[in-house]
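Student: I'd like to look closely at a single part of this protein. Could you walk me through it slowly?

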Amino acid sequence: MEATPEQVLERVFGYPSFVGEQEAIIHSVVDGGDALVLMPTGGGKSLCYQVPALCRPGCGVVISPLIALMRDQVDALRELGVRAGYLNSTLDADTAAANERALRNGELDLLYIAPERLNQPRMLELLHQSPVALFAIDEAHCVSQWGHDFRSDYLELGKLHEQFPSVPRIALTATADLRTREEIARRLDLEDARHFIASFDRPNIQYRITQKTNARQQLLRFLKTEHAGDAGIVYCLSRKKVEATAHWLREQGFNAYPYHAGLPAEDRNLNQQRFLREEGVIIVATIAFGMGIDKPDVRFVAHLDLPKSIESWYQETGRAGRDGEPATAWLAYGLQDVIKLRQMLENSEGAEEHKRAERYKLDCMLGLCEVTTCRRQVLLDYFGERLDQPCGNCDTCLQPVATWDATEAARMALSCVYRTGQRFGVNHIIDVLRGGDNQKVRQFNHNELSTWGIGTDLDANQWRSVFRQLVARGYLQVDVDGYGALHLTQSCRPILRGEENVQLREDAKEKPAKGPKTSRPDKDTAIPEEDQPLWQALRARRKRIADEHGVPPYVIFHDATLMDMLARRPLRENDMLSVSGVGESKLEKYGAEFLEVIREHEYPTDA
Ligand code: ADP
Ligand code: ZN
């Protein structure tokens, strides 16, 4: 007699109830239906195939491109008492053979395999001889040529349906846009499958975008005041900057390590392992880092350079807060970022059509940076989703942005660009506006222009803000020659003619956002002072067990589970079982150890 999904959820995973659409998805797959599941990171996709695999006879076959993750995933499942294994190129021949045997004998509940393996005739033959409960196609967007993670091996997965007509298939992805979704359905032959599309909102992530003044100091303040001791990721555009920033953060006393594609593989692996296994590690990385990092307790993702699209930003920031606890997405950006990205784009190889799409994406990202209303509303709107109320958990909600009538300033700025011949960068133009009298101004006789010295009411930083916003809104464009010269676009005509007013945002002075839903200033301080000893003792025990088993601490118990223990203080096995995240297997393995920690704290014995 197979168990029901509810029984599996409670006994194996130790959770009292399903979240979101998990229940509907799981029942549909248990009944043999195909499904296409779109859920944001942290939405709980894994249970959508793990539970059905345990309810249906045979083994659930999970196809995943993330080979580096398979071991941790399988370790975590084994901790739960699930018979799990994997097959990929990192495995020695004996273990692989043993796993294949177990599969054929019906002794596996879940098997993770790399897509290239599934395409080997030998593997298909083996699967035909084995009881298969379902196929789960994880990271299903890898089948899409429109996205960035395309894998040609994924194209072959479309044939699974023909080969195994009676085995249900479930494809899962966190990639939101419609075009990718349609491509997945078409290429994987899932047009008739049920589509489950969850909201892409990540309410526990606080979105913050701040204007760059001194990026390093701003980052330092952010880390010190809000995320001391937390694990997080800092993204930079270049490898050089990654290394310099990691080095500097270490000098400031942070446990920070670099990660980029140019580092030797051992160093990259080592740093990634530190991030996964140790607590409070910061990884400074290019975008090469992240795909396949499913560490649940990343508390912040900071960007020191502007991402080139909203998709990228959403994906990178999405690595924060998978466990549903408060997390922060923080981005510092300035005019130089805009100039640099525009130049990179224009100078890149590639067809004009492609560049046009990239330009559009960058413009949307800039729009998000400069918006004066709720950022989450703009973000979700970009993915075709509507949020009726401002979210209350982004910087513009927490600190409403003042705007000012910048019509006059914009006109001065645009005229000055025009009068200087549209071949100078922003610093020189600001010098002219502010009546600067340096050598360059005199060399070009710009002190004789009608726009010389007309802008003394604003200081250089205020002018920079004006220019940044004019560029972001497309009134000014940056030349691609590498000197960052500005020129006018068609769209600024109505402003110059006095037919259009310009409202600009007043740049906020940097201070940490405060509000009802801000992320915890520091993971430990959110725990009340009097609970600290027990909390630290629970974490220490978890770390010890994790080290003994050679797995990351969250494989033993997630933070949320330890917090629930802290709240409930179970003293008996039965009470321990009602803690969220404690199922039968983990109770048996670790129940006694954690009960001991709690008992010692509740009833300390005299030493
Ligand atoms: P995704 O793969 O969609 O990013 P995961 O499957 O890793 O998300 O799940 C995210 C987190 O939510 C994990 O920590 C997982 O244990 C937890 N989780 C998933 N489903 C439930 C549930 N029904 N009840 C409690 N926690 C859950
Ligand atoms: Zn908001």
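Student: How far apart, N to O, are the side chains of Arg468 and Asp507 in their salt bridge?

Tutor: Happy to help! First, a word on what you see: it is a predicted model, in which local features need pLDDT of at least 70 and side-chain atom pairs count only at pLDDT 80 or more, while totals for chains, interfaces and linings use all residues. Residues are numbered from 1 along each chain as its sequence is written, chains are lettered from A and ligands numbered from 1 in the order in which they are written, and side-chain values use heavy atoms, with hydrogens and water left out.

Now to your pair. Arg468 and Asp507 meet through their side chains in a salt bridge of 2.9 Å, N to O; the term asks for a side-chain nitrogen of Lys or Arg within 4 Å of a carboxyl oxygen of Asp or Glu. This bridge ties together distant parts of the chain, 39 residues apart: Arg468 is in helix H22, and Asp507 is in the loop between strand E17 (503-505) and helix H24 (532-549). Helices (H or I, at least four residues) and strands (E, at least two) are DSSP runs, numbered from the N terminus.

How covered are the two partners? Arg468 counts as buried because its relative accessible area is 4%, whereas Asp507 counts as partly exposed because its value is 24%. Here buried means under 20% relative accessible area, exposed over 50%, and partly exposed in between (1.4 Å probe, protein chains only).

Arg468 has another partner to look at. With Glu370, the side chain of Arg468 forms a salt bridge of 2.7 Å, N to O. Again distant parts of the chain are linked, this time 98 residues apart: Arg468 in helix H22 (residues 460-472) and Glu370 in helix H16 (residues 352-370). Arg468 and Glu370 are both buried.

Why can such pairs form? Side chains of opposite charge can pair when their charged atoms come close.

Let's set these bridges in the whole structure, where a search finds 37 salt bridges. One of them joins Glu226 to Arg208, with the closest N and O atoms 2.7 Å apart. These two residues are 18 residues apart, in distant parts of the chain, with Glu226 in helix H11 (residues 215-226) and Arg208 in strand E8 (residues 205-211). Both Glu226 and Arg208 are buried.

Not every acidic residue here has to be described through a bridge, so let's look at Glu100 through its contacts. Glu100 sits in helix H5 (residues 93-104) and counts as buried because its relative accessibility is 11%. Apart from neighbours within four places in sequence, Glu100 is in contact (heavy atoms within 4.5 Å) with Leu87, Arg117, Arg122 and Leu126.

Follow that list to Leu87. Leu87 belongs to strand E3 (residues 84-87) and is counted as buried because its relative accessibility is 0%. If you leave out residues up to four places away in sequence, Leu87 touches Ala96, Asn99, Glu100, Leu111, Tyr112, Ile113, Ala114, Arg117 and Met123. To get a sense of distance, find Leu368 too: the C-alpha atoms of Leu87 and Leu368 are separated by 43 Å, with their places 281 residues apart along the chain.
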